Each structure stands twice: as structure tokens, then as C-alpha cells.
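The following exercises are to be worked through with the sequence and coordinates at hand. Each task is followed by a stepwise solution.

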Amino acid sequence: MKIECIGNYVKLNHKTYPCTVSLTMDLVGGKWKAVILYHLKDGEKRYNELRKTMPAITEMTLSLQLKHLEKDGLLSRKVFGKKPPIKVVYSLTDFGKSLLPVLEAITQWGNQTVLEKGEFVENAS
């Protein structure tokens with residue numbers, strides 16, 4: 001049986017993928033999932049703390065992506081208190097922490113690419 005992305009199907013959480021790269025991209029691909037995981041690398045954060053670190057993300061998108069990451073076991077959601085205002089914190093699970101070397105490599109590659117081919121700017125405009 002091959003373990004790399006050549007010809008085998010793989011299965012995780014009752015979902016079948018054509019290869020391991022496809023599985024990985026399903027878990028962390030898209031515009032925001034890896035960014036959310038990156039911002040949780042140094043420890044737990046509340047929802048509003050995450051929003052402040054990613055001002056371009058909408059509340060609906062952040063909420064949806066957090067639910068997906070929790071469902072996939074990459075982050076945990078802890079609720080403190082029974083009545084509003086309740087405190088909710090998000091943190092990486094051990095499974096999520098296993099992605100930290102990958103996120104670090106992506107960050108380094110992105111930084112190097114900007115240094116060589118782009119520029120760091122203050123605003124999106």
C-alpha cells in the first residue's frame with residue numbers, strides 16, 4: 001500500500017479522498033482555516049480576540065470556519081459559565097498542534113515570496 005499521493009484512496013472521518021494532499025487541503029484549505037490555526041498557535045483565544053487579529057474576515061465566516069475546524073478535531077471550544085455573558089475560548093487540539101510545522105513552513109515560504117517578489121504594506125488598498 002502506498003502512503004503518498006499516488007493512486008490510493010484514503011479515508012478519514014467517514015470521508016474518502018483521492019489522496020493525502022486532498023485530505024489535508026480539505027482540513028486546512030481555503031482562505032481562512034490555516035490563518036485561524038496560525039493565530040491559535042501561541043495559545044487559546046476568545047472569539048473577539050481572533051476577530052481583532054483578522055479584521056478582514058466576516059463574523060459569519062469566522063464562526064463557520066471555527067465550527068468546521070472543531071468538527072474536524074483541529075481545535076477545541078470551551079464554554080465557561082451557564083448564563084450570558086458566557087466565556088468561550090478556542091485552542092488547538094493535539095491534532096491541530098501537529099500542523100504547526102506545516103503552518104510554520106507556509107509562513108516562511110510566504111514571507112520569502114513577499115521579500116523576493118512583492119512588498120509588505122500597511123493597508124489592503
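**Exercise 1. Salt bridges**

Task: Starting from the pair Lys41 and Asp42, characterise the salt bridges of this structure.

Solution.

Step 1. Lys41 and Asp42 form a salt bridge in which the closest N and O atoms are 3.3 Å apart. The coordinates belong to a predicted model, and every distance here is therefore a computed value of that prediction. Lys41 is partly exposed at 30% relative accessibility, whereas Asp42 is exposed at 67%.

Step 2. The structure holds three salt bridges. Another one joins the side chains of Lys15 and Asp26, with 3.0 Å from N to O. Because Lys15 belongs to strand β2 and Asp26 to helix α1, this pair ties together parts that are 11 residues apart in sequence. Lys15 is partly exposed, with a relative accessible area of 41%, and Asp26 is likewise partly exposed, with 28%.

Step 3. Lys71 and Asp72 also form a salt bridge, their closest N and O atoms being 3.4 Å apart. Lys71 is exposed at 66% relative accessibility, but Asp72 is buried, with a relative accessible area of 12%.

**Exercise 2. A lysine without a partner**

Task: Determine which side chain of opposite charge is nearest to the buried Lys45, and describe the surroundings of Lys45.

Solution.

Step 1. Lys45 lies in strand β3, which covers residues 45-46.

Step 2. The nearest side chain of opposite charge is that of Asp42, 5.9 Å away. A salt bridge requires a nitrogen-to-oxygen distance within 4 Å, and Lys45 has no salt bridge. Asp42 is instead paired with Lys41, as found in Exercise 1.

Step 3. A polar atom of the Lys45 side chain lies 3.1 Å from the backbone oxygen of His39.

Step 4. Leaving aside residues up to four places away in sequence, Lys45 touches His39, Leu40, Leu50, Thr53, Val88, Val89 and Tyr90.

**Exercise 3. The nonpolar core**

Task: Which residues of the largest nonpolar core touch the most other members?

Solution.

Step 1. The core has 21 residues, and Ile36 and Leu37 touch the most other members.

Step 2. At least two residues of this core come from each of α1 (20-28), α2 (33-39), α4 (59-71) and β5 (87-92).

Step 3. Beyond four places in sequence, the residues touched by Ile36 are Met54, Ile57, Leu62, Gln65, Leu66, Leu69 and Leu75.

Step 4. Leu27, in helix α1, is buried, with a relative accessible area of 6%. The contacts of Leu27 outside the same sequence window are Leu12, Lys33, Leu69, Asp72, Leu74 and Phe95. Leu27 and Leu69 are 42 residues apart along the chain, while their C-alpha atoms are separated by 7.4 Å.

**Exercise 4. Exposure of a tryptophan**

Task: Decide whether Trp109 is buried or exposed.

Solution.

Step 1. Trp109 is found in helix α6, residues 100-117.

Step 2. With a relative accessible area of 62%, Trp109 is exposed, since the exposed class begins over 50%.

Step 3. Trp109 and Pro55 are 54 residues apart in sequence, and their C-alpha atoms are 23 Å apart in space.

**Exercise 5. Backbone exceptions**

Task: Identify where the cis peptide bond between Pro84 and Pro85 and the positive phi values of Asn13 and His14 stand out.

Solution.

Step 1. Most residues other than glycine have a negative phi, and most peptide bonds are trans.

Step 2. The bond joining Pro84 and Pro85 is cis, with omega about 0 degrees. Pro85 is placed in the loop between β4 (75-80) and β5.

Step 3. Asn13 has a phi near 50 degrees, and His14 has one of about 65 degrees. Asn13 sits in the loop between β1 (10-12) and β2 (15-17), and His14 lies in the loop between β1 and β2 as well.

Step 4. Asn13 counts as exposed at 52% relative accessibility, and His14 is exposed with 79%.

**Exercise 6. The chain as a whole**

Task: How many helices and strands does the protein chain contain, and in what order do the elements run?

Solution.

Step 1. The chain has six helices and five strands, arranged from the N terminus as β-β-α-α-β-α-α-β-β-α-α.

Step 2. The C-alpha trace spans about 50 × 40 × 25 Å along its principal axes, and 25% of the 125 residues count as buried.

Methods: Residues are numbered from 1 along each chain as its sequence is written. This is a predicted model: local features need pLDDT of at least 70, side-chain atom pairs count only at pLDDT 80 or more; totals for chains, interfaces and linings use all residues. Side-chain values use heavy atoms; hydrogens and water are left out. A nonpolar core is a set of buried Ala, Val, Leu, Ile, Met, Phe, Trp, Tyr and Cys residues joined through side-chain atoms within 4.5 Å. Buried means under 20% relative accessible area, exposed over 50%, partly exposed in between (1.4 Å probe, protein chains only). Helices (H or I, at least four residues) and strands (E, at least two) are DSSP runs, numbered from the N terminus. Contact means heavy atoms within 4.5 Å. Lys and Arg count as positive and Asp and Glu as negative; His and the chain ends are not counted. A polar contact is a pair of N or O atoms within 3.5 Å; within protein, one must be able to donate a hydrogen and the other to accept it, and residues adjacent in sequence count only if both atoms are side-chain atoms.
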